[in-house]
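Biologist: Could you take me through one part of this model closely? I would like to hear about the aromatic rings first, and then about how one helix packs against its partners.

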Amino acid sequence: MSNISVFESRLAEMVNAATDSIRQQVAAAVAPAPKVQIPMPALEGLAKALVPFQSALERLDAMMPGNWKGEHLDYADMVRLMQEGVPLAWVPPASVIRQLLTAGDASSRSKVIDDCRPEILVSCRETLVAASDPRLFAQRALLEECVQMAERGMFSGTQALAANVWDTLVRGLAFANRDWLTSKGWWSYTKIKKSVPTVDDDDATIGELRTAAVFLPFAKTLDAFQHPQPVPEGFNRHATAHAAGVVQYTAANAVTALMLAVSVLREVDDRGYHVQIHA
């Protein structure tokens with residue numbers, strides 16, 4: 001098993017064990033009430049019973065990406081959104097995540113990204129500054145350049161460069177984790193989509209969600225399309241490289257590409273993933 005797989009396995013075991021323990025202890029401490037209205041003494045007793053679990057809950061919260069900590073976000077809805085290709089780990093800020101969660105469709109979410117662009121770019125800049133792994137300095141500098149371009153309205157350049165930095169980081173992870181490559185050791189987007197950590201449904205444990213969070217947008221982002229299929233309207237790695245034009249190259253897609261790259265870089269930095277970046 002590769003170092004990255006061992007790390008993910010141990011983290012998932014640790015967090016899942018903690019959440020299971022909390023769930024069991026809380027269930028044991030909180031018996032179903034025979035009446036709808038719980039007397040005040042019982043409520044006070046419940047509060048005291050939950051005190052020992054507070055530190056464990058705080059430790060779980062501390063394991064989350066910085067933009068999730070202390071925000072009490074709806075993780076189940078976030079899974080759905082990330083699977084639709086919207087990056088939510090490390091960036092954007094929690095206030096923007098809440099707006100994205102209430103947006104009814106892809107068009108509405110694109111509008112949120114456009115309207116909240118200043119806050120998102122500040123979040124990207126701050127997240128990049130926090131990355132301290134020297135292995136990532138070249139890619140961090142390129143993404144800082146993307147932020148500058150986006151601030152100046154140069155969205156096409158932002159999208160193209162951010163997509164390539166994201167691709168470089170993903171390849172770096174794959175070449176450091178041979179399970180992500182084909183049996184012959186070749187690079188394949190199809191193999192990447194099948195290999196990155198994911199969750200299957202809304203019932204995922206906190207550990208599974210944390211392990212997969214930054215990777216959940218990958219499948220949608222890596223969707224392939226071929227002529228005569230229409231060019232995807234949402235950010236798509238293949239379309240960015242091979243269908244440059246007004247459909248794929250938009251301000252919202254540029255910011256989405258930037259968020260994707262920033263989130264992966266910060267995740268590699270935070271969790272110490274092994275990467276093999278040729279730069």
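Modeller: Happy to; here are the rings, followed by the helix contacts. This is a predicted model, in which local features need pLDDT of at least 70, side-chain atom pairs count only at pLDDT 80 or more, and totals for chains, interfaces and linings use all residues. Residues are numbered from 1 along each chain as its sequence is written, and side-chain values use heavy atoms, with hydrogens and water left out.

The structure holds 7 aromatic pairs. Rings of Phe, Tyr and Trp (its six-membered ring) pair if their centres lie within 6.5 Å; planes under 30 degrees apart are stacked, over 60 edge-to-face, and the rest tilted. One of the pairs joins W166 to F218, edge-to-face, with 5.1 Å between centres and 70° between planes. This pair links distant parts of the chain, since W166 sits in helix α8 (residues 155-176) and F218 in helix α11 (residues 218-221), 52 residues apart. Helices here are DSSP runs (H or I, at least four residues), numbered from the N terminus. F218 also pairs with F215: their centres are 5.4 Å apart and their planes at 75°, so this pair too is edge-to-face.

W166 and F218 are both buried, meaning under 20% relative accessible area (1.4 Å probe, protein chains only). F218 has 0% relative accessibility, and F215, at 2%, counts as buried as well. W166, W180, F215, F218 and Y273 form one aromatic cluster.

Now to helix α5 (residues 106-115), which packs against helix α13 (residues 251-271) at about 75°, with axes 9 Å apart. Axes are lines fitted to C-alpha atoms over the stretch in contact, and angles run from 0 to 180 degrees between N-to-C directions. The two helices are therefore roughly perpendicular, a label for angles of 65 to 115 degrees. From α5, S110, I113 and D114 meet A251, A252, V255, T256 and M259 of α13, where contact means heavy atoms within 4.5 Å. By class, this contact has 5 nonpolar, 2 polar and 1 charged residues; Ala, Val, Leu, Ile, Met, Phe, Trp, Tyr, Cys and Pro count as nonpolar, Asp, Glu, Lys and Arg as charged, and the others, Gly among them, as polar.

Helix α5 also packs against helix α6 (residues 117-130), at about 70° with axes 5 Å apart, so these two are roughly perpendicular to each other. I113, D114 and D115 of α5 touch R117, P118, E119 and I120 of α6. The α5–α6 contact divides into 3 nonpolar, no polar and 4 charged residues.

Conventions: Buried means under 20% relative accessible area, exposed over 50%, partly exposed in between (1.4 Å probe, protein chains only). Angles under 35 degrees count as roughly parallel, over 145 as roughly antiparallel, 65 to 115 as roughly perpendicular and the rest as oblique.
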